[in-house]
Amino acid sequence: MAAASIATSSLQVSCSTIAAESKLLPRRGFCLFAPGKSISLPPTLATSSLGSIIGMQRHPNLQISIYIDVKIHGSARKNFWVKNSATAAEISSSKQQNVPSFGPDDFVFDLAEKLEELDYVSALSATGKEALSHLREHSAETTLSLQWPTNKVEAYRFTDLRFLRNSNVEPVRQCPQDTGIELADFGIRSNADIHLVFADGVISSSSSNWKDGVFVGSIAALSDDHIEEFVIKKLGKSAEWINTDFFASLNGIGVRELGVVIVPEGVKMQSPLHIIYHSSEGGSKDGEKQSYALSCPRLLVLVGKEAEVTIIEEFVGEKGEFYWSNAVGEFFIEEHGRICHNYVQNQAREAVHIKQTCVAQKQCSSYELVEAAIGSKLNRHNIHIQQLGPDTSTKMSSFLLAGQRQLQDLHSRLILSHPRGFARQLHKCIVMHSSGHGVFDGNVKVNRYAQQTDAGQLSRSLLLAPRATVSVKPNLQIIADDVKCSHGAAISDLEEEQIFYFQARGIDPQTARSTLVFSFGAEILQQFKNKNLQQRAEKTVMEFLQSEGAIKTSIQEA
Amino acid sequence: MDAMVCLRAASAYSSPRLALKSPTATSILHASKRPAFLCIRNVAAIEIGQEMSSRNDSPKVLLKVEGLTAVVAGTDTEILRGMNLTIREGEVHAIMGKNGSGKSTFSKVLVGHPDYEVTGGTAVFKGEDLFEKEPEERSHAGLFMSFQSPVEVPGVSNMDFLRMSCNARRAAQGLPELGPLEFYGFLSPKLSALNMSPTFLDRNVNEGFSGGEKKRNEILQLAVLEADLAILDEIDSGLDVDALRDVANAVNGLRKSTNAVLMITHYQRLLDYIKPTFVHIMEKGQIVKTGDALLAKQLEAGGYEALSAGS
C-alpha cells in the first residue's frame with residue numbers, strides 16, 4: 001500500500017431546479033470539467049481527487065449535464081489534480097459511518113431490547129436457533145457500539161432519518177399465517193413456480209422446499225447437517241461490512257427466521273425464483289407519536305460452482321399502513337456461478353424501506369442486479385459487492401422514482417481486488433415533485449491487484465418539477481495503475497433533440513415528453529428477465545407517473 | 001433577363017430524363033441540343049417555373065422558398081442569406097456545397113428545428129405557409145426530413161415509435177388509428193424493401209444502431225409516413241456500397257409522380273443511384289448555381305474551385 005498511489009475521482013453534484021432563473025449554461029450539450037494535466041506522483045501514499053461540489057439553480061427547461069470521465073489505461077500512471085475542498089470528507093466517508101459512539105444511544109438501546117425479546121419461529125430446530133442466535137448476539141454487540149445515523153455522517157448526509165427516530169418503533173410480534181395476497185398477481189400460477197413469501201419478516205408460505213436439488217425455503221425446513229454445512233458457515237459472513245452497518249445489525253438482532261436458497265454446483269435453474277416480502281401490520285394509529293411496525297426479513301442465497309439462478313425480490317405492503325421493512329439479503333456466488341437479481345421495491349407510500357444487499361463473488365462469477373424503486377416514503381438501499389477472485393463480472397442497473405415527499409436513496413459500493421474484473425453501473429432517477437429527493441452515492445474501489453479492471457459507471461437524473469432535487473456522487477477510488485475506469489453524471493431535463501425527433505415525425509411535444517419520461521425508466525425495466533415482472537413494473541411506474549402529473553394520462557403502455 | 005436567355009436556361013434542365021418525366025415541358029421547349037455548360041441563378045429557374053406553369057399544366061409546386069434568411073437561435077449568426085428554391089411534384093433536387101455553406105441548416109429550418117430562427121423570407125408548402133406550422137404539423141402536412149445523425153431513444157421500441165408517428169399522421173388526416181397487427185401488415189413490405197430484418201422493430205429507436213442501420217431506419221420512417229416531400233440530409237454518409245444501394249433503391253421505390261425528393265449530399269455517388277432533376281450549389285447561405293446532373297459531375301471532377309472559376 002505504501003508504494004501505491006491512489007487516484008480518487010469523485011464527482012458530487014447536488015442539483016435542484018428552480019424556476020425562472022437566468023440561463024447559466026448553453027441550452028444543450030455537456031458542461032465538461034476537464035481533468036488537469038497528468039502529474040506523476042512520488043511513490044508514496046497520495047490521494048488526489050477530481051470533482052467539486054456544485055450547487056446549481058436552473059430553469060426546468062434548461063439542460064445541464066455534468067460529466068467527468070476518468071480513464072487510466074496502460075502502464076503510465078495518471079493522476080488528476082483538481083482543487084477540491086471535500087476530498088478528505090469523501091474518502092473517509094465509509095469509515096465515519098462506523099465511528100463508535102461515546103455513550104449508549106437510548107433510542108437504539110430501547111429498540112435493540114425490544115428486538116431481542118422477539119422469539120424465533122416455533123418450527124426452528126435447536127441447530128437453527130443456534131445459527132440465528134449467533135447472528136443475534138454478534139449484531140447486538142455491534143448495534144450498541146453504533147449510533148443512529150444522522151446527517152452528520154457522510155453516508156446519511158442527504159438521508160434524513162430524524163422522523164423515524166422521533167416516532168415509536170415497535171417490532172411486529174404476531175405474524176400472519178395468511179398474507180392475503182394473491183400469488184397470481186405476482187405471476188405465480190402454481191406451486192410449480194418456485195416461490196417464497198415473507199409476511200412481516202417471517203416466512204408464511206413457499207413452494208416445495210426441495211426441487212431438482214435446489215433448496216428454497218425457511219431455515220426451519222433444513223436438516224441440521226445442511227444448517228451446519230451451509231448456514232452457519234455463511235450467515236453474516238458475506239462481508240465484514242455487514243457486521244458494521246447499523247441497519248444490517250438491527251436486522252441481525254430482530255431476525256426471527258431465515259429464508260435460504262441453495263443452488264448446488266452445476267445446477268442451472270431455468271425458471272426464476274420468486275421471493276415476495278409482504279408487510280401487512282402497521283404501527284398503532286392512536287397516540288401522539290407516529291408508530292412504525294418494524295420487520296426484519298433476512299435472506300441467504302448460496303449459488304454453487306457453475307450454477308445459475310434468477311432471483312426476483314419484490315417488496316410490497318398494505319396501503320395506508322405505517323411500517324418499516326428493514327431487510328438484509330446476502331448472496332454468495334462460487335466460481336463460475338451466476339445470479340441475475342431482479343429487485344422491485346413497491347412498498348406502501350407511508351412505509352420506510354431500508355435494505356442491505358451484500359454480494360460475495362468468487363472467481364469468474366457473474367452478478368447482475370436490475371432494480372426498480374418506486375414506493376415507500378423513505379427508501380434506502382445499500383449495495384455492497386466484493387470480489388473474491390479474478391475475472392468476475394458485475395452489472396448494476398437501477399431506476400428510482402421519487403414523487404411527492406419521497407426520498408429514494410441508493411448507496412452502492414463495489415470493491416474490486418483481483419485482476420480483470422468487469423463492472424458496469426447505470427443509475428437512473430426521476431424526481432417529479434418539488435418535495436421529492438433522489439440520492440445516489442456509487443463507489444467503485446479498484447484495489448492494487450485489480451489490474452486490467454474495466455469499470456464504468458453512469459448516473460442520469462431527470463428533474464421534472466421546480467425545486468426537485470437530486471444529490472449524486474459517482475466516485476472511483478483507484479489504486480491499480482493499469483485499469484480502464486469511467487464515471488459520469490448527468491442531471492437534466494429531457495433532451496430537446498429527442499423531443500424534436502418525435503416532433504419531426506409528427507408526434508406532438510406533450511406526447512413526446514410523456515413517452516420520453518416513461519422510456520427513461522423503461523430502459524432499466526426492460527432489463528428484467530421476467531416479462532411478467534417487467535410488465536407489472538412498467539404498469540406501476542406508468543400509473544405513478546400519471547398520478548403525479550409527470551406524463552399525460554392518455555399515454556398507453558406500449 | 002430576356003426571354004431568350006430564359007429559354008436557353010430552361011433547355012439546360014431538359015435532360016432526356018426530365019423529358020420522360022415531364023413531356024409537357026419538353027414539347028414546348030424542344031430541347032434538341034444542350035449547351036456544354038450553362039449556369040443561371042436560381043431566380044431564373046423560378047421565373048422559368050412561373051412562366052411554364054402559366055402556360056401549361058406543368059406539375060404542381062410542392063415547395064416554394066423565397067428570400068429565406070435564418071440565424072442560429074438567440075444569436076446574430078446568419079446562416080441562410082436569401083435562399084430561393086422551388087420544388088415541383090415528381091422532381092428530384094440535389095443541394096451540394098462546401099461544409100458550412102448552410103445545406104443542413106436549410107433542411108432543418110424547413111422542418112422547424114428549434115436551433116434556428118427564421119428572420120425573413122417565405123416558404124410555402126402545398127399552398128400553405130410552412131413557418132406558421134409547428135414541426136409536427138409540418139410532418140402531418142407531408143414534409144419529411146431524414147436526420148444526418150438521428151438521436152438514440154433508449155426505452156422506446158422502434159415498432160412503437162413507428163406506429164406512434166404513423167398514427168399521428170393518420171389522426172391528422174382523419175383516418176382511424178392502426179392497431180399493432182394491422183400496422184405490422186402495413187410495415188412488413190416496407191421492411192423487406194429495405195432489406196431489414198423484423199428484429200429491427202424490437203430494438204430501441206437508433207440505440208446501438210450502426211451508421212447504416214440508422215440511415216435505413218430513417219428511410220423506413222419515410223416509407224411509413226408516405227411523405228410528399230422528403231428531405232434527405234446526407235443519407236449517403238457512413239454507408240457502405242451495398243447499404244447505399246439498398247437505401248437508394250428504397251428511395252426510388254417510394255417516388256411517385258406526386259411527390260418529390262430534396263437530397264443534400266457531398267458526393268456524386270448518391271446521384272448515380274437517385275438521378276436528380278436539378279443540382280444546386282450552395283455557398284454562404286445561398287444557392288449560387290443551378291444545373292442538372294452534369295453540374296455534380298463537374299464538381300466531382302474539379303471541386304468547388306473549378307465551378308467558381310467557371311462562373
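## Working through the strands of chains A and B

Among contacts in chain A between residues at least 6 apart in sequence, 85% join residues at least 24 apart. Keep in mind that this is a predicted model.

**Exercise 1.** Take stock of chain A: how many helices and strands are there, and what percentage of its residues count as buried?

*Solution.* Start with the secondary structure: chain A has 10 helices and 28 strands. Next comes burial, where the cut-off is under 20% relative accessible area. By that yardstick, 60% of the 558 residues of chain A are buried. Finish with the surface: chain A exposes about 21000 Å² of accessible area, and carbon and sulfur atoms account for 50% of that.

**Exercise 2.** Look at strand β17 of chain A, residues 323-333: is it enclosed or open?

*Solution.* Go residue by residue. One set of side chains, A:Y323, A:S325, A:A327, A:G329, A:F331 and A:I333, points one way from β17(A). A:W324, A:N326, A:V328, A:E330 and A:F332 point the other way, and both sets are buried. That makes 11 of the 11 residues buried, so β17(A) is largely enclosed by the rest of the structure.

**Exercise 3.** Which strands pair with β17(A), and in which sense, parallel or antiparallel?

*Solution.* As background, strands of a sheet pair through backbone hydrogen bonds, either parallel or antiparallel. Now take the partners in sequence order.

1. β14(A), residues 291-295, runs parallel to β17(A) and is joined to it by three bridges. One pair to find on screen is A:S295 with A:S325.
2. β15(A), residues 298-303, is also parallel to β17(A), with six bridges between them. Here A:L300 sits opposite A:E330.
3. β19(A), residues 352-361, pairs with β17(A) in the parallel sense too, over 10 bridges. Try locating A:W324, whose bridge partner in β19(A) is A:V352.

**Exercise 4.** Switch to chain B and its open sheet of four strands: what is the strand order, and which strands stand at the edges?

*Solution.* First, write down the order: β2-β1-β4-β5 in chain B, with antiparallel pairing. Then read off the ends: β2(B), residues 78-88, and β5(B), residues 128-129, each have a single partner strand, so one side of each is left without a neighbour in the sheet. Last, check the pairing of β2(B) with β1(B), residues 61-72: these two run antiparallel and are joined by eight bridges. To anchor yourself in the register, pick B:V61, which has B:R88 of β2(B) as its bridge partner.

Key:
Residues are numbered from 1 along each chain as its sequence is written. Chains are lettered from A and ligands numbered from 1 in the order in which they are written. This is a predicted model: local features need pLDDT of at least 70, side-chain atom pairs count only at pLDDT 80 or more; totals for chains, interfaces and linings use all residues. Side-chain values use heavy atoms; hydrogens and water are left out. Buried means under 20% relative accessible area, exposed over 50%, partly exposed in between (1.4 Å probe, protein chains only). Contact means heavy atoms within 4.5 Å. Accessible areas come from the Shrake-Rupley method with a 1.4 Å probe; for residues, only the protein chains shown count as cover. Two strands pair if DSSP finds at least two bridges between them.
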